[in-house]
Amino acid sequence: MKISYSWLTRHVDLSGVSAHDVARELTLSTAEVEGVHAFLPHLGDVTVGHVVERDKHPDADKLSVCTVDVGQGEPLQIVCGAPNVRAGLKVAVATSGVTLPGDFKIKKSKIRGVESNGMICSERELGLGEEHNGIWELPLELRVGDKVAAALGAQDWVIEIDNKSLTHRPDLWGHRGIARELAAILRRSLKPLEAASASWSAGKTGEIAVRIETPNCSRYIALALHGARAEKSPLWLKRLLLAVGQRPIDLLVDLSNFVMLDLGQPNHLFDRRRLSADGIAVRMARAGESMKTLDGAERKLEPSDMLICSGDAPVALAGVMGGESSKVEGDTSQLVLEVATFHPTVVRRTSTRLGLRTDSSARFEKSLDPELAPLAARHLVHLLRTEQPEVRVVGTPTDVGDWKSTARRVPMRFERVRAMLGADLSDEGIIDILQRLEFGIEANANGACVVLVPSFRGTKDITLEQDLVEEVGRIHRYGNIPERELEGALAPPPRDDGWKRRMLVRRVEDRLALAAHFHQLVSYSFVHDGLLDKLGLAATPHVTVQNSIAEGFSRVRRSVMPSVLAVLESNRRRSASVALFEVGKGYVPSEGHEPLEVHEVALALCAAPAKKDARFDHNSLARLKGVVEDVVRALGLEAGAWRKCDAAPSWANPGRCAELRIGEVLVGEIAPLEPGLARALGLSGELESDAALARLSIDALLGAAQRSKLYQPLPQFPDTLVDVALALPEERAAADATAAIERCGKGLVAGLELFDLYRGPNVGEGRKSLAWHVVLRASDRTLTDQDVKKFLERVEREAANLGGALRRE
Amino acid sequence: MTYAPARARELLARIAEPLRAAPRSPELDALLARLESFAALSDEQLNAASALEAAAAPLGAMRAIPGPSRGLVGATSNELKKLAEAELAAQAERAAQAALEAERKASDFDATLPAARVERGALHPIVAVTRELEDLFTSMGWTVLDGPEVETEEFNFDALNIQPDHPARETMDTFWVATPPGAPRLVMRTHTSPVQVRAMKRLKPPFRAIVPGKVFRNESVDASHEHTFHQMEGLVVGKGISVGHLIGAMKTLLRGIFGREIEIRLRPGYFPFVEPGFELDARCPFCKDGCSVCKRSTWIELLPCGMVHPNVLRAGGIDPEQWTGFAFGLGLSRLVMLRYSIDDIRHLLGGDVRFVSQF
């Protein structure tokens with residue numbers, strides 16, 4: 001909202017207080033000021049001139065050559081194209097060197113061969129409105145040589161207030177409200193409003209008949225005026241309106257706007273000749289109804305819209321915009337002034353639905369004080385009669401509605417205010433602040449009182465003692481409250497599930513980012529339909545938002561993996577190898593309940609395809625498996641066992657998917673990226689990749705068995721190293737063979753490392769050769785050749801049992 | 001005694017002398033001839049290596065030496081051997097020292113050659129800063145809480161004193177989850193504040209808690225607006241908690257973040273779930289007299305905060321007459337951007353490794 005500094009001075013004496021001071025005071029006590037800027041700084045450069053002589057341009061019919069006295073040195077010769085320029089006028093002159101709005105720099109020039117030393121300006125050229133039929137004729141009493149701004153009192157500053165910081169303050173939506181705050185803050189008095197003392201007698205039945213047929217209009221004042229003319233507004237009015245960004249139209253429209261911007265009370269003028277003799281009705285719209293608003297648009301109405309009707313015909317969308325049919329035309333002298341109080345939510349819904357946010361709807365939305373309406377009506381009449389004394393109020397104004405005063409009585413305890421603020425304020429200090437804000441104090445006894453909240457603060461803002469704490473605090477200034485340390489028993493946070501999860505997640509992140517050198521992602525929770533489609537999950541139920549940020553982005557991930565897949569290709573394109581992980585949440589919908597929340601880690605390792613003759617563990621899958629095992633070990637869990645996964649997730653190559661179980665707990669899966677999905681994601685051709693993915697469930701890891709961490713005595717006797725190679729049927733798992741070798745050791749196997757996997761002619765079709773480095777060790781003696789021999793004999797028998805054979809060099 | 005050819009010659013003579021007096025034999029003659037051939041070498045040729053060879057001759061032919069002479073010849077030969085060996089060892093040591101010296105005076109060194117590549121990973125900056133804040137607060141006895149991103153309308157709005165007809169519910173800012181008719185309405189939480197009431201229902205006052213997490217707003221996205229971003233809620237409930245405590249806690253928070261004292265100011269701000277409500281500004285840590293970060297105002301709007309509204313305490317089952325509290329909502333994404341001078345919020349969740357790897 002734009003506030004004019006000079007407008008404020010109509011309501012409060014601001015001597016010694018600059019616009020920037022006002023901005024600071026308001027910021028610290030009332031609302032957020034977004035900025036302060038000078039209004040039309042150009043006017044400060046433009047000079048009042050006197051047209052001494054005017055001659056016709058020798059070479060152009062429409063141009064004049066003027067001699068203009070600007071109060072300095074010789075009069076200037078200026079060429080002017082305006083039809084209304086004539087000798088004797090006082091005009092606004094931009095001399096050479098002055099810059100006008102639109103970065104228009106005035107220079108000496110020749111116009112059709114005649115020298116021109118400046119420009120005589122129109123109002124539009126000065127940013128003062130649309131008037132461009134001729135030059136601006138200044139009042140003749142202005143002094144030649146003065147700057148126009150100073151001469152007209154047009155020097156002003158515009159203070160921009162963030163509307164959001166005023167949502168709870170309907171009383172601040174006009175200059176008088178802001179001035180009232182400043183008066184309270186600065187300990188100055190608010191100037192009385194002249195209109196407030198004007199006599200006012202209205203009745204339920206008056207000149208204009210009004211029927212309210214809906215509870216959404218609590219007060220409606222209608223007042224008939226005779227004799228008003230839609231002439232040009234006086235300069236002071238135009239200037240103030242321009243300062244706050246309103247385009248002056250004519251006196252009637254301008255005064256209506258002025259009153260709204262002055263008091264915060266919207267109002268509307270109807271052409272009485274175009275209203276039905278049946279008077280005005282306020283009612284909700286009927287299904288199928290429509291009307292044309294002032295902006296010329298045909299609006300389809302809904303039963304939630306409130307209408308002002310003439311007889312039964314809609315003439316205004318209540319609180320939002322007037323209708324085309326009752327628009328005040330230039331030649332009318334018969335007006336009806338409407339000042340009403342409409343329900344905030346009804347106005348907001350209509351204006352939101354129609355995308356029609358007006359100055360009026362913005363104010364009604366905030367819950368206006370019904371007692372403001374008659375004041376605004378009188379204010380407008382007073383201002384109108386000041387400009388056009390012949391204007392008369394016809395008959396008795398009508399004032400109907402079952403409004404109730406919003407003034408309230410709120411009990412308050414002084415000690416509570418002090419305790420809540422932590423401020424050392426006396427009872428008197430608290431009372432002083434409240435009284436400056438126009439609150440009353442009653443029944444002050446035993447450290448408590450009743451605060452009388454004025455109607456303009458009681459519509460919704462001040463209802464509780466706590467609200468009064470804010471009033472006292474903000475005027476006292478929060479900066480005057482001393483800071484305090486929190487006190488209390490210090491105890492470590494409870495080691496509950498949340499704490500355990502957080503600690504586990506940290507260890508996982510550290511292991512992955514700092515030990516395994518993976519990059520951590522934090523991604524959107526929304527996942528694109530296109531990706532879900534590629535994953536074959538398009539039909540799977542997802543938590544879905546009704547109003548997505550973009551087409552196809554309505555679904556919330558069930559698992560973290562899609563988020564990692566979404567950025568795999570783009571990162572792979574930039575780098576030969578990509579190692580990513582994300583720890584996050586997924587949501588599984590649960591009919592009629594809050595969705596189930598799952599905590600997961602998704603990992604991706606993606607590199608150029610492995611070389612054909614690479615060692616069996618030189619590929620992404622094996623590397624990623626190592627990373628997962630390292631995480632499990634770092635978490636202090638039992639190693640668990642891998643086995644082929646029968647229910648592979650949709651991202652996994654189903655033929656090559658393994659699952660990890662610790663005890664019975666399934667903690668996750670690992671697999672090469674599903675080959676069709678790899679292609680769909682663009683990881684083909686030049687970007688052909690060896691990509692492996694893994695998912696770990698944080699929830700499962702939290703429940704998995706812990707590995708024993710008891711100390712084992714260090715070996716006393718030397719290791720004996722033996723290499724064992726077995727030829728085995730393809731379907732025989734490495735883990736089975738490893739277990740068999742361990743059994744053969746009868747407790748002597750201290751370590752096993754698979755170092756070769758071979759398939760080829762030497763072992764035959766359907767078979768593979770696996771080779772291990774085996775460490776044998778006894779805890780009570782040094783092993784002999786005999787021990788090794790017996791071990792290998794047992795391995796040979798076991799290999800036969802597994803359908804294979806021990807390979808001898 | 002150091003090695004010298006003259007000394008070697010002298011020892012050779014002392015070896016040969018008893019041999020010449022001894023009874024002749026072909027082996028002895030051969031030995032004598034060999035000793036003489038060494039004695040005949042020039043000083044130059046009779047170096048430590050030759051001397052060692054010479055000493056080896058009698059030692060390798062002891063059987064050819066008559067008994068009485070063996071002791072003397074053996075001892076003298078050993079003396080020559082040791083002398084030669086000591087000289088050779090000294091020469092070797094000198095050569096080794098020279099090599100070390102040469103290595104120290106390397107001329108093929110380029111200090112700017114690149115290092116061998118070491119793989120590196122990184123924590124996401126949001127995670128790094130979240131951890132920093134968690135550690136700061138837990139060290140002061142605060143608890144870290146978590147809450148669901150898909151939240152009920154009840155916790156996201158009602159319990160927070162946001163009235164049913166409050167614009168915030170209806171505006172497009174809220175992502176509404178499609179729910180079957182009659183079922184409780186769900187939203188993507190618009191702030192971390194719903195966890196305030198969840199915390200009140202779970203924890204007994206007094207307590208202090210922070211809640212870092214993801215929040216969602218249906219806003220058009222640009223360099224400074226994202227539809228998904230991170231916040232950190234803070235909540236303290238206790239006896240006699242006042243605005244003064246809020247100010248103290250916020251100053252501690254800023255000291256923790258910026259590592260030094262930062263001036264703050266509270267000014268009125270309106271949020272339905274706090275009363276009084278504030279906007280907290282921090283004196284711009286990046287400038288003294290205005291910069292682009294603080295938009296030339298020297299103040300940075302850092303976080304909304306306030307005293308917990310009695311209706312919110314009530315919704316959490318806490319008696320507002322007995323207990324009071326304060327709450328704040330730190331813009332974690334914004335703090336991360338401030339901390340690392342990130343100029344586009346979209347990098348945070350954009351999933352580009354080149355971004356994450358910088359941290």
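Let's start inside this predicted model, with the walls of its largest cavity: by class, that lining has two nonpolar, three polar and six charged residues. Both chains contribute. From chain A come Thr30(A), His168(A), Arg169(A), Arg457(A), Asp461(A), Glu470(A), Glu471(A) and Arg474(A), while chain B adds Pro268(B), Gly269(B) and Tyr270(B). If you want one element to look at, pick helix α12 of chain A (residues 465-476), which gives three residues, the largest share of the lining. The cavity itself has a volume of about 60 Å³, and the count of cavities of 30 Å³ or more comes to three.

Now step out to the contact between the chains. Chain B puts in 87 residues and chain A puts in 75. Together they bury about 6800 Å², with carbon and sulfur atoms giving 54% of that area. Two names from the cavity lining turn up again here: Pro268(B) and Tyr270(B). Along with Glu275(B), they supply 9% of the area that chain B buries against chain A, more than any other three residues.

What about charges and polar pairs? The rule finds 13 salt bridges across the interface of chain B and chain A. One to pull up in your viewer is Asp496(A) with Arg202(B), where the closest N and O atoms sit 3.2 Å apart. Polar contacts between the two chains come to 36 residue pairs, counting those with both residues at pLDDT 80 or more. On the side of chain B that touches chain A, helix α9 of chain B (residues 243-258) brings the largest share, seven residues. By class, that side of chain B has 39 nonpolar, 24 polar and 24 charged residues.

Notes. Residues numbered from 1 in each chain as written. Chains lettered and ligands numbered in written order. Predicted model: local features only at pLDDT ≥ 70, side-chain atom pairs only at ≥ 80, totals over all residues. Heavy atoms only, no water. Contact = heavy atoms within 4.5 Å. Buried area = accessible area lost by both parts, 1.4 Å probe. Salt bridge = Lys/Arg side-chain N within 4 Å of Asp/Glu carboxyl O. Polar contact = N/O pair within 3.5 Å; in protein donor to acceptor, adjacent residues only side chain to side chain. Helix = DSSP H or I, 4+ residues; strand = E, 2+ residues; numbered from the N terminus. Nonpolar A, V, L, I, M, F, W, Y, C, P; charged D, E, K, R; others polar. 1 Å grid on protein atoms, 1.4 Å probe; cavity = no way out; pocket = protein on both sides within 12 Å on 5 of 7 lines; lining within 4 Å. Points joined across faces, edges and corners; volume = space filled by probe spheres on them.
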